[in-house]
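Subject: Structure for your review

Hello,

Please find the structure below, followed by notes on what was found in it.

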Amino acid sequence: IFDSNGNMVGKIPIDGFKPTYGDRLFRFGILSDVHNNNADSQSNEDIADFENALTYLNNNESVNMTCICGDISQNATTTEFQLYKDNVAAKSPKTTVFTTTGNHDCPSSGAFNDAQWSGYTGTKKSFYFTNLTTDGVFDVFIFFGMSNYSLGPSGNPYSTEDIDWLENLLETYKNNRVFIFTHLFFPTMAGNLNNIYPSGNWL
């Protein structure tokens, strides 16, 4: 530890930095913003990045699942969804892949097609499951999907129905460990201490 003049005033043993977590419960891979594009317009490098990530996680025996936090497509087209599905089938045959919707997975106009989404991903845009861990506690994994392309509150990126669904789940499992996978924070509810983020900064 050094003071403002550069003089060493103390030391902290390196073993003091790592807390004791106990036994590992599970391990999972997380990806986001894959942006599968039409095969004729997506660069080979982009496709290779996604395939390499899936292959790595699929071949790592300690990974229980791979989770993708939205934007599996660029323009929400059936061609892009099929490319995603083909990549997962080819590169992750042993490791289950779960995903939810990002803004690029939603149509820029019109209603979201949940049946179409399910056909390519095997799940609804918002879903959850529980996992019984070694300590006898049910852990809950929630995948909370966007309904509209909008990133702002005026475009209702999340439907009222889905927000109510999430609230009810969190109340039901308030005494459990809960993991939430989603693409976008609530636009007006994320917090902005001392207004450190500029107005309209979607990042």
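Where is His35 found? His35 sits in the loop between E1 and H1. Its phi is positive, at about 55°, although His35 is not a glycine. Asp33 has its place in the loop between E1 and helix H1 (44-59), and its phi, near 55°, is a positive value in a residue other than glycine. Asp33 is partly exposed, with a relative accessible area of 38%. Please keep in mind that this is a predicted model.

Overall make-up

The protein chain has four helices and six strands. Their pattern along the sequence is β-α-β-α-β-α-β-β-α-β. Of the 203 residues in the protein chain, 34% are buried. Among the contacts with a separation of 6 or more, 70% are accounted for by residues 24 or more positions apart.

The three-stranded sheet

One open sheet is formed by three strands in the order E1-E2-E3, with parallel pairing. Its edge strands are E1 (28-31) and E3, each of which pairs on one side only. On average, and with direction ignored, neighbouring strands of this sheet are turned by 20° against each other. E1 and strand E2 (residues 65-68) run parallel and are joined by four bridges.

The side chains along E1 alternate. Gly29 and Leu31 point to one face and are buried, while Phe28 and Ile30 point to the other and are not.

Phe28 can be described further. This residue is found in strand E1, and its bridge partner in E2 is Met65. Phe28 and Met65 are 37 residues apart along the chain, and their C-alpha atoms are separated by 5.1 Å. Not counting residues up to four places away in sequence, Phe28 touches Val63, Met65, Cys67, Phe141, Phe179 and Phe181. Is Phe28 buried or partly exposed? Phe28 has a relative accessible area of 22%, so it counts as partly exposed, given that buried means under 20%.

Helices H2 and H3

How do the two helices lie against each other? The axes of helix H2 (residues 78-91) and H3 come within 9 Å and cross at roughly 30°. The two helices are therefore roughly parallel to each other, since angles under 35 degrees count as such. On the H2 side, the contact is made by Thr78, Phe81, Gln82, Tyr84 and Lys85. On the H3 side, Gln116, Trp117, Gly119, Tyr120 and Thr121 take part. Sorted by class, the contact of H2 with H3 has four nonpolar, five polar and one charged residues.

Asn103

Asn103 lies in the loop between strand E3 (97-99) and helix H3 (114-121). With a relative accessible area of 5%, Asn103 is buried, because the cut-off for buried is under 20%. Which side chain does the side chain of Asn103 make a polar contact with? The partner is the side chain of His183, at 3.1 Å. Leaving aside neighbours within four places in sequence, the residues in contact with Asn103 are Asp71, Met146, Asn148, Tyr149, Leu151 and His183.

Ile180

Ile180 is found in strand E6 (residues 178-182). At 40% relative accessibility, Ile180 counts as partly exposed; the class covers values between the limits of 20% and 50%. Ile180 and Ile142 are 38 residues apart in sequence, and 4.7 Å apart in space from C-alpha to C-alpha. Ile142 is also one of the residues in contact with Ile180, along with Phe144, Leu166 and Leu170, when neighbours within four places in sequence are left aside.

Points to check when you open the file

- The positive phi values of Asp33 and His35.
- The polar contact between the side chains of Asn103 and His183.
- The bridge between Phe28 and Met65 of E2.
- The crossing of H2 and H3 at roughly 30°.

Regards

Technical notes:
Residues numbered from 1 in each chain as written. Predicted model: local features only at pLDDT ≥ 70, side-chain atom pairs only at ≥ 80, totals over all residues. Heavy atoms only, no water. Buried < 20%, exposed > 50% of the residue type's maximum accessible area, 1.4 Å probe, protein only. Polar contact = N/O pair within 3.5 Å; in protein donor to acceptor, adjacent residues only side chain to side chain. Contact = heavy atoms within 4.5 Å. Axes fitted to C-alpha atoms, helices over the stretch in contact; angles between N-to-C directions. Parallel < 35°, antiparallel > 145°, perpendicular 65-115°, else oblique. Nonpolar A, V, L, I, M, F, W, Y, C, P; charged D, E, K, R; others polar. Pairing = 2+ DSSP bridges.
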